[in-house]
Amino acid sequence: MRYLTAGETHGPQLTAIIEGLPSNMNVLAEEINNQLARRQKGYGRGLRMQIEKDTVNIVGGVRHGKTTGAPVALVVENKDWAHWTKVMSVEPVEEENEGKRRVNRPRPGHADLNGGLKYNQRDLRNILERSSARETTVRVAVGAIARAFLAEFGIKVAGQVIRIGEVEAVRQELPLDELIRLTEESPVRVTDKGAEAKMMAAIDQAKSEGDTLGGIVEVIVEGVPVGLGSHVQWDRKLDGRIAQAVVSIQAFKGVEFGIGFEAASTKGSKLHDEILYSEEDGFNRRTNRAGGLEGGMTTGEPIVVRGVMKPIATLYKALPSVDIDTKEVFTAQIERSDTCAVPAAGVIMENVVAWVVAQAFMEKFGGDSIEEIRRNYTSYLEQVKEY
Ligand SMILES: Cc1cc2nc3c(=O)[nH]c(=O)nc-3n(C[C@H](O)[C@H](O)[C@H](O)COP(=O)(O)O)c2cc1C
Ligand SMILES: C=C(O[C@@H]1CC(C(=O)O)=C[C@@H](OP(=O)(O)O)[C@H]1O)C(=O)O
C-alpha cells in the first residue's frame, strides 16, 4: 500500500490517492471527518482553524461505503481559498497582483530559504504553500482509513500530549478507551488536569510575547500481533519505518520508543522485558520498556512511540533574517500563524503511525479483499498459538 498527497495550503484543495487497499472494506466519510475534526481542535492554534471546516470528499475507489480494490481518492477543500484565489491563481495574475503577498524575507525554522534556493524561486510563497502543515489534513484522512482497516482486526490507536514547553503531564497507565475519552475532553489532550491548566497558561503567555512553543506527544497502538515488520532488511524494520513517518510530520525533530532516550542511562538488567509463557496467553512480557518493538518487529505488546515537535517557526516577534532581493538584514516575514500546534500534531501522529502499522499488516497478511486478509490473519494466529 502506498499513498501520495498534492495541493497547497491556500490552493483550492488537498488531494490524496491511496493505492493497494483491499476490497470490501468499510470506508465511511463520517469516520474520516471525525479524525479531521479532531485535528482541527487543540489549544494554541491561529485563526485559520476558524475558517476551515474540514470534510472529506471521497472521489474514487469506494461504492456504497465499501472499497472496490481500485485506488481511493480523497479531497479536502480549503475554505480559505476564497480569500486567496487571486494570489494563488493557477493562471498568470495581472500586473497589479504580481507583487502582492510575495514572500521575500525567509522565516528561520521554516522551509522558505532552503526551498527558494533549491527550486530557484524568488517568491518564497511557492515553497511555503507546500511545506505548510495544511498538507496533514489529507494525511489524517488517509490515516482514518488505516484506522478503520486496523479496527477490523481489533487494533486501536490513541495518543496523548506529554509535554508543552516546560510543562510535563503526569502519565497515567489507563485502559485505552479511558485514555481516549479523557484526552478527547482536554483542549491540550492530557489526562492530568493540573498540567492542562499550566499548559494553556504557557501557550497564552507565549502568544502574548509573540513567541511559540513545541512539545512531546505519545501514540499507543494496542492489539497488534507479534511479527509485523522484519529484522532481515533495513527498510523493513518497523521501528525505523514508524520513526520516518513521525519525523516526516512538519516540525517533528525526534522520536523514541518505550523507555526511549532513558535507555542510555539504564542498565540492561533493568531495561529488557523478561519473557513469560502461559497456556492462556502464550509468550508475553510483564513489562513493555521496549515500546512493543524488538528487532524491527512487533512483540505483541502495545507499540508506544513519542515524537518531539519543535516550536512553531513563524514568530509574531519575528527573528532576524535577510531579504532575498536586497540582501539586507530584516526581520522575517510574518504569516498568520499558530502559537502551539502540539495537541493537533498529536492527532496527526496517531494517524501517520496508524498508516505505517496498517501497511505492515497488509504486507504480512495481504490479500485483495478483506476476507482474504482475515483468513491469512486467522491462520497466522493459529500458527503463533501452536508454536
Ligand atoms: C499541525 C501543525 C501546525 C503548524 N502550524 C504552523 C504555523 O502556523 N506556522 C509555522 O510557521 N509553522 C507551523 N508548523 C510547522 C511548519 O510547517 C514546519 O516547521 C515547516 O514546514 C518546516 O519544516 P520542519 O520544521 O519539519 O523542518 C505547523 C506544524 C504542524 C504539524
Ligand atoms: C492550515 C493549517 O495549518 C497551517 C500550518 C502552517 C505551517 O506553516 O505549517 C501555517 C498556518 O497557515 P495559515 O497561514 O494559512 O494560517 C497554519 O494555519 C492546518 O493545519 O490546516
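**Notes on helix α12 and its neighbours**

1. Let's start with one residue and work outwards. Q35 sits in helix α1, which covers residues 29-40. Keep in mind as you read on that this is a predicted model. Is Q35 buried or exposed? Q35 has 24 C-beta neighbours inside 10 Å, so Q35 counts as buried; the cut-off for that label is 20 or more.

2. Who does Q35 touch? Setting aside anything within four places in sequence, Q35 is in contact with V140, G143, A144, V347 and N351. Now look up V140, G143 and A144 on the list of α7 residues that meet α12, and V347 and N351 on the α12 side of that list. For a residue that Q35 is a long way from, try L113: the two are 78 residues apart in sequence, and their C-alpha atoms are 32 Å apart in space.

3. On to the whole of α1. The α1 and α12 axes come within 7 Å and cross at roughly 145 degrees. On the α1 side, the residues that meet α12 are Q35, R38 and R39. Their partners in α12 are A344, V347, I348 and N351. Sorted by class, this contact has three nonpolar, two polar and two charged residues.

4. Next comes α7, residues 136-151, which packs against α12 with the axes 7 Å apart and an angle of about 50 degrees. That angle makes α7 oblique to α12, because oblique takes in angles between 35 and 65 degrees. Which hand does the crossing have? α7 passes α12 in a left-handed crossing.

5. Here is who meets whom in that pair. α7 brings T136, R139, V140, V142, G143, A144, A146, R147, F149 and L150. α12 answers with V347, I348, N351, V352, A354, W355, V357, A358 and F361. By class, the contact of α7 with α12 comes to 14 nonpolar, three polar and two charged residues.

6. A third helix to look at is α10, residues 238-247. The axes of α10 and α12 come within 9 Å, crossing at roughly 145 degrees, and this crossing is right-handed. L238, R241, I242, A245 and V246 make the contact from the α10 side, while M349, V352, V353, W355, V356 and A360 make it from α12. There are 10 nonpolar residues in the contact of α10 with α12, no polar ones and one charged.

7. Now put α12 into the wider picture. In soluble globular proteins, nonpolar side chains tend to be buried together. The largest nonpolar core here has 85 residues. Which residues have the most contacts inside this core? They are A141, V142, I145, I164, V353 and V357. Helix α12, residues 342-365, supplies the largest share of the core, with 16 residues.

8. V353 deserves a closer look. Leaving out neighbours within four places in sequence, V353 is in contact with V157, V219, V221, I242, A245, V246 and V305. I242, A245 and V246 in that list also appear among the α10 residues that make the contact with α12.

9. Away from the helix pairs, R45 lies in the loop between α1 and α2. R45 is partly exposed, with 19 other C-beta atoms within 10 Å. Not counting residues within four places in sequence, R45 contacts D338, A341 and A344; A344 is also one of the α12 residues that meet α1. K66 is 21 residues from R45 in sequence and 35 Å away in space, C-alpha to C-alpha.

10. Strand β16, residues 320-322, is home to S321. Because 18 other C-beta atoms lie within 10 Å of it, S321 is partly exposed. Beyond four places in sequence, S321 touches R105, P106, R107, P108, F330, T331 and A332. From S321 to T266 is 55 residues in sequence and 42 Å in space between C-alpha atoms.

11. Last, check the backbone at two spots. Most residues other than glycine have a negative phi. N24, in the loop between β2 and α1, has a positive phi near 65 degrees. K327, in the loop between β16 and β17, has a positive phi near 65 degrees too. Are these residues buried or exposed? N24 counts as partly exposed, with 15 C-beta neighbours inside 10 Å, whereas K327 has 8 and counts as exposed.

Note on methods
Residues numbered from 1 in each chain as written. Chains lettered and ligands numbered in written order. Predicted model: local features only at pLDDT ≥ 70, side-chain atom pairs only at ≥ 80, totals over all residues. Core = buried A, V, L, I, M, F, W, Y, C linked by C-beta atoms within 7 Å. Buried ≥ 20, exposed ≤ 12 C-beta atoms within 10 Å, placed from the backbone. Helix = DSSP H or I, 4+ residues; strand = E, 2+ residues; numbered from the N terminus. Contact = placed C-beta atoms within 7 Å. Axes fitted to C-alpha atoms, helices over the stretch in contact; angles between N-to-C directions. Parallel < 35°, antiparallel > 145°, perpendicular 65-115°, else oblique. Left-handed = near helix turned anticlockwise from the far one by under 90°. Nonpolar A, V, L, I, M, F, W, Y, C, P; charged D, E, K, R; others polar.
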